[in-house]
Amino acid sequence: MAIYTSLAVPAVILNPSERCLQWSDDGQACITTKAAVHVMTPDSGINFSTPPDIKALRGDEQGEQPLGWFRTMVEPARGQTHMWPSICQDWGAVTLGSLDVSLREVACSPSNLTSRGRCVIAILNSNAEVSLWAAAKNHLKGEWSNIQDVTGLLLNTASSEDIIRNTLRAQVTSLAWSKQPDYRITPTPILDSSMLALGNRAGCIEFFRFNRNSNSEGSLSYIHTEPLSDHWITHLSWVPWITHAVGHCESLLAFSTDNGNVGLVKVTQNLQSTSNVGFVPEYRTSAVFDVQGPICEADKRSVTALTWVQPPGRNPILVYTKPGLVYLWSWPGSEPTWYGTRILPLQTQKMSVGSSAISPVSGVSYVLHRDALILSLFDGSLHAIHNMTTEPTWSPPLAGDILTSAELSRASRALFAKVTPAGISYLDINRIGGMVSYDSQSTLIWIYESLRPTDFSYKHEAQHECMLLTAPFWQLDDETVLHTTSEAFADISCALGSAPIHHLRALMLHLRSNARFAALCPQVLEILSQVPPDQTTTIVLPSWTHRLNDDLRPQLRKSLTTHLFGWHNLLSLRMRLSIADLCWKLSKDPEMQAQCGQVAQGLLAAISHCVLRILVRHLKAIIPVITEPDIPFVLREVVQSLLPGSPQDLADEAQALSDTLTTSFSIDPAIAALHEHCPACHAEVPLHDITRATCPNGHAWARCSVTSFILSTSKVRTCIGCSRKALLPFAASDGSQLPAAAQSWIVKDLLEAVQRCLFCGNTFVEIV
């Protein structure tokens, strides 16, 4: 049995749960330990000069390659930020977790929220405090900083004069961040409609929304308070948004209380256009909250896990567990499927001295193509529920199926023995603190700690060590891998904002298998060649009739971001190019490598033409306010649009733009030649290649992937997916860092509008 990752993590896990290990929409695995959040990023799909921090010496069996990982940590202060006794002296406000402050839970926001196009992490500690964290220059290996004290916001927005009520409302006990809804508007508007829900000791749920600020990464703003109970809110979980009509969507927020009650809050969001003046419409979101009837009445048995799973072709299923029992609930739908509540008792898998069916659930994973649900327990066992769509049961549909509780637990135990050099016995327990699927199929990633409780030995905190494993539990056939490839490019939505490396993680893992890649590659290339229709040809922009003022530039930046990253076909092309590049790197046969390169070149040309068409139409719309310093950049876009192979409509539009520019300005021939000066010897450098620049003296320079100007400064950003470099946004750098030919307000606004790579859609990092 292959092992992709076997990595020791020096940490203590105090709160095993289904969210102890979770994926962010940036494609990073977040592991919640006592003192820090370990942020791990697999190296599949990441290509830039810095190598991964960890390369496990595993995975060499059956041709699989080991996974490398980039690693960083979010380390909040161990002390208390808020001294609750100084705020309220009532016994009800006492927090025992303040004696030794540790981390309890983490919620990851959707991607593309910050000014760098990344996720935000909300961290809850044992003192009932919440803080907001975002990465600075490098989210793979760099520092994460605290951008907001959410508990302080809760205390400042208290509306009641009752001190104990305000204090309990500010003491958070659970949190969950929703996904972005898809309002079915094209291009997808640049709008954050996700919500952060905070459950507290007052029995309320507070709803917040993240607002990006121009002078910082952003902060939360208050939306609504929903009072639910007199008991603590212990768990929260959002179902993905369901769109009923254009601009109208609904979601359910499941919650549990400390007395065992489980209920729902229905959240409805409506998107309303506030202004059609400008290049793209302005929208605002209104939300309505409605408390539904209880799913489970209070029975004084605490809920140990609460999450939603989404089988295809039916309503989502709520999975919640209590000691020894798994509950499944779904509401009636139009499909002839089960609904209501199903209760399945857990069976003890006797793998070690600590095996017990009443252990807390530490992971929930839905296996898409097997219609099965895998649960991990703190005692180290795995359990499988089959037929989730039709009628859930512990019994597999086929005799001899490996996807059973006994076989999965046995395989997990075998992997535990394999990575333990000293060997294991019945007295050794592998306590799984968190588990999640790596590929929604056969590969799981989980973290556990090995210990032997029967010897009653004491181990201080610095001696604790957990093990992070990534391994497949069964082999996927070629048909399943090809089906996964097709699904990766079906129903692509820009609204979710997920990074392509997150969306393509499963496919990239399966293609790394050297043994089967040669047979799969031709069929994968055939799927990649099925290019979607170009939606950018439908772009219509009104001409700007006013002077260059403060209203134009924000509208231009927003329109550029919307059109460059809001079309579904453009996102599909970028993801296809990422897979084509991976196939080219993995191919050993020169003929097959040439075919991969041919497909990649076609996709790259299609992306370039879409981007050029968007830029040309924006430049045409603002032609009345173009000034002399803007001409070099405008001419660059014209020349690139007139290159051989460009679509005829793009060439015609670029020629019309050039003719209009020529009649409006007397263009200096030196500017029209588009020559730049070599930063080293000041010789003229012609624009012969949009990726590299070489002067007559042999000095070679990279070009900005956004503007095509020479990069002669270290103040650049690098794409993590394709290693293309771009100039920093003007707001984050000194304007003097721009080349002389790039001293244009259009160039500065374009650099600010582009938060992700134009060619692969992944985020940038600043290495220096």
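1. A good place to start is Asp25, which sits in the loop joining strand 2 (21–23) to strand 3 (29–32); strands here are DSSP E runs of at least two residues and helices H or I runs of at least four, numbered from the N terminus. This is a predicted model, where local features need pLDDT of at least 70 and side-chain atom pairs pLDDT 80 or more, while totals for chains, interfaces and linings use all residues. Residues are numbered from 1 along each chain as its sequence is written, and side-chain values use heavy atoms, without hydrogens or water.

2. Asp25 counts as buried because its relative accessibility is 3% (buried is under 20% relative accessible area, exposed over 50%, partly exposed in between, with a 1.4 Å probe and protein chains only). Beyond its neighbours within four places in sequence, Asp25 is in contact (heavy atoms within 4.5 Å) with residues including Pro110, Cys119, Lys179 and His502.

3. Now for the hydrophobic side: the largest nonpolar core (buried Ala, Val, Leu, Ile, Met, Phe, Trp, Tyr and Cys joined through side-chain atoms within 4.5 Å) has 113 residues, and among those touching the most other members are Trp446, Phe473 and Ile622. Helix 11 (residues 590–621) gives this core its largest share, 14 residues. A second, separate core of 21 residues includes Ala11 and Tyr438.

4. On cysteines, the count is 0 disulfides (a disulfide being two cysteine sulfur atoms within 2.5 Å). The sulfur of Cys678 has its closest cysteine sulfur in Cys681, but at 3.7 Å that is too far for a bond. Cys678 is buried, at 1% relative accessibility.
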